[in-house]
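Reader: Hi! I've got a structure here that I'd love to walk through with you. Could you help me find my way around?

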Amino acid sequence: MTTLLEVKDLSVSFDVFGGEVQAIRNVNLDVKKGEAVAIVGESGSGKSVTAQTVMRLIAMPPGRIKNGQILFEGQDLLKLSEKDMQKIRGNKIGMIFQDPMTSLNPTMTVGKQISEGLIKHQGLSKSEAKERAIEMLKLVGIPTPEARYKQYPHEFSGGMRQRVMIAIALACNPALLIADEPTTALDVTIQAQILRLMKKLQEQLDTSIILITHDLGIVADVCDRVMVMYAGQIVESGTKEEIFANPSHPYTKGLLNSLPKLSQRKDEPLIPIHGTPPDLIAPPPGCGFCDRCPYAMNICATTPPEVTDLGGSHKVRCWLQDPRAQSDKKTEVGV
Ligand code: SF4
Ligand code: MG
């Protein structure tokens, strides 16, 4: 499979009154053509910052790209002018956000909002764009698309609005779709419908997807690969099978343990991850998860763990898996 997007060693900080917030640090990720990749983590872990940096939507200042490259179809997006970036945004890379009400224009019919991009990016005439917009509304499962074309966002339910967002994002047939918590604001049944729709369209149109979510539970249905982010770093990555069968970072284990299981008995409690993420103005010198980790060893507090290759595409950033910490492990956790 050819690589569509390659993020290399990306670090982004925000300069705020209290200092420098190191929002993401040395993030590496790649997305192949037609592949669906999930970025999972709690809020503040850097997942949205990563996506917004790819789209070049970070306000600078206060944002600052410290180092890294974002290669999309071989071209470094960080080197493009804003004008060239506008040709990529909404055209080659589509986006869906959590709250469709704030991303849709309330004063414009949904039809017009879908047509706009087609006229601007693809050079379609008004009538061609209208035809394609109606086709898109149909594709995302909106009944009576001809009538719906003329309606305004407030005339749609939450789930239907998110379908409209998907129609807008996919209208120009982008190579990559970035969906940031696309179903978080929706109830569970609608959430499942929207995810199924995204998966179906991804297969049908061969679009690559980056799905950003705090919910590891929704990843299994939609994604091929998973990146787990914590405190601005990717702490574990691998195929969905590798991650679910053999979660190797204590934080990933915690995320999995806090999910309801099919076999869960009613009296069996879910296990939350205790504590809060570290302050990214002054990140801890060692592992960012140290304060919350039930397996923490001496070395974890002082030295940041590096990435250990676990075979296949499975990688983890944790001293437990690093052969160099074996002696430490024996003394601290008795294994
Ligand atoms: Fe826990 Fe240490 Fe691994 Fe960090 S490096 S997750 S503190 S065991
Ligand atoms: Mg976010």
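Reader: Let's start with helix 5 and helix 7: at what angle do they pack?

Author: Happy to help! In this predicted model, helix 5 (126–139) packs against helix 7 (residues 158–171) at an angle of about 130 degrees, and their axes are 9 Å apart. That angle makes helix 5 oblique to helix 7.

Reader: And which hand does the crossing of those two have?

Author: The crossing of helix 5 and helix 7 is right-handed.

Reader: While we're on helix 5, I noticed Lys126 in there. Buried or exposed?

Author: Lys126 counts as exposed, because it has 11 C-beta neighbours inside 10 Å, and the cut-off for exposed is 12 or fewer.

Reader: How far is Lys126 from Lys79?

Author: From C-alpha to C-alpha, Lys126 and Lys79 are 33 Å apart in space, and 47 residues separate them in sequence.

Reader: What comes after helix 5, around Thr144?

Author: Thr144 sits in the loop between helix 5 and helix 6 (145–149). The phi of Thr144 is positive, about 40 degrees, although this residue is not a glycine. Thr144 counts as exposed, because 10 C-beta neighbours lie inside 10 Å.

Reader: Nice. Which other non-glycine residue has a positive phi?

Author: Glu73 has one, with phi near 50 degrees. Glu73 is in the loop between strand 4 and strand 5 (75–76). Glu73 is partly exposed, because 15 other C-beta atoms lie within 10 Å.

Reader: How do strand 4 and strand 5 pair up on either side of that loop?

Author: They run antiparallel and are joined by two bridges. One of the bridge pairs puts Phe72 opposite Gln75 of strand 5.

Reader: What sheet do those strands belong to?

Author: An open sheet of four strands in the order 2-1-4-5, with antiparallel pairing. Strand 2 (19–32) and strand 5 are at the edges, each with a single partner strand, so one side of each has no neighbour in the sheet.

Reader: Okay, prolines next. What kind of peptide bond joins Met60 and Pro61?

Author: That bond is cis, with omega about -10 degrees. The bond joining Pro61 and Pro62 is cis as well, and there omega is about 10 degrees.

Reader: Where does Pro61 lie?

Author: Pro61 lies in the loop between helix 1 (47–54) and strand 4 (63–72). Pro62 has its place in the loop between helix 1 and strand 4 too.

Reader: Changing topic: which way do the residues of strand 6 point?

Author: In strand 6 (residues 93–96), Ile93 and Met95 point one way, while Gly94 and Ile96 point the other way; all of them are buried.

Reader: In what sense does strand 6 pair with strand 7, and over how many bridges?

Author: Strand 6 and strand 7 (residues 176–180) pair in the parallel sense, over four bridges. Ile93 has Leu176 as its bridge partner in strand 7.

Reader: Last one, the ligand. How many residues surround ligand 1, and which are the closest?

Author: There are 14 residues around ligand 1, and the closest are Cys287, Cys293, Cys300, Cys318 and Trp319.

Reader: How does that shell divide into nonpolar, polar and charged?

Author: The shell around ligand 1 has 13 nonpolar residues, one polar residue and no charged ones.

Reader: Great, thanks for the tour!

Key. Residues numbered from 1 in each chain as written. Chains lettered and ligands numbered in written order. Predicted model: local features only at pLDDT ≥ 70, side-chain atom pairs only at ≥ 80, totals over all residues. Near = placed C-beta within 6 Å. Nonpolar A, V, L, I, M, F, W, Y, C, P; charged D, E, K, R; others polar. Buried ≥ 20, exposed ≤ 12 C-beta atoms within 10 Å, placed from the backbone. Pairing = 2+ DSSP bridges. Axes fitted to C-alpha atoms, helices over the stretch in contact; angles between N-to-C directions. Parallel < 35°, antiparallel > 145°, perpendicular 65-115°, else oblique. Left-handed = near helix turned anticlockwise from the far one by under 90°.
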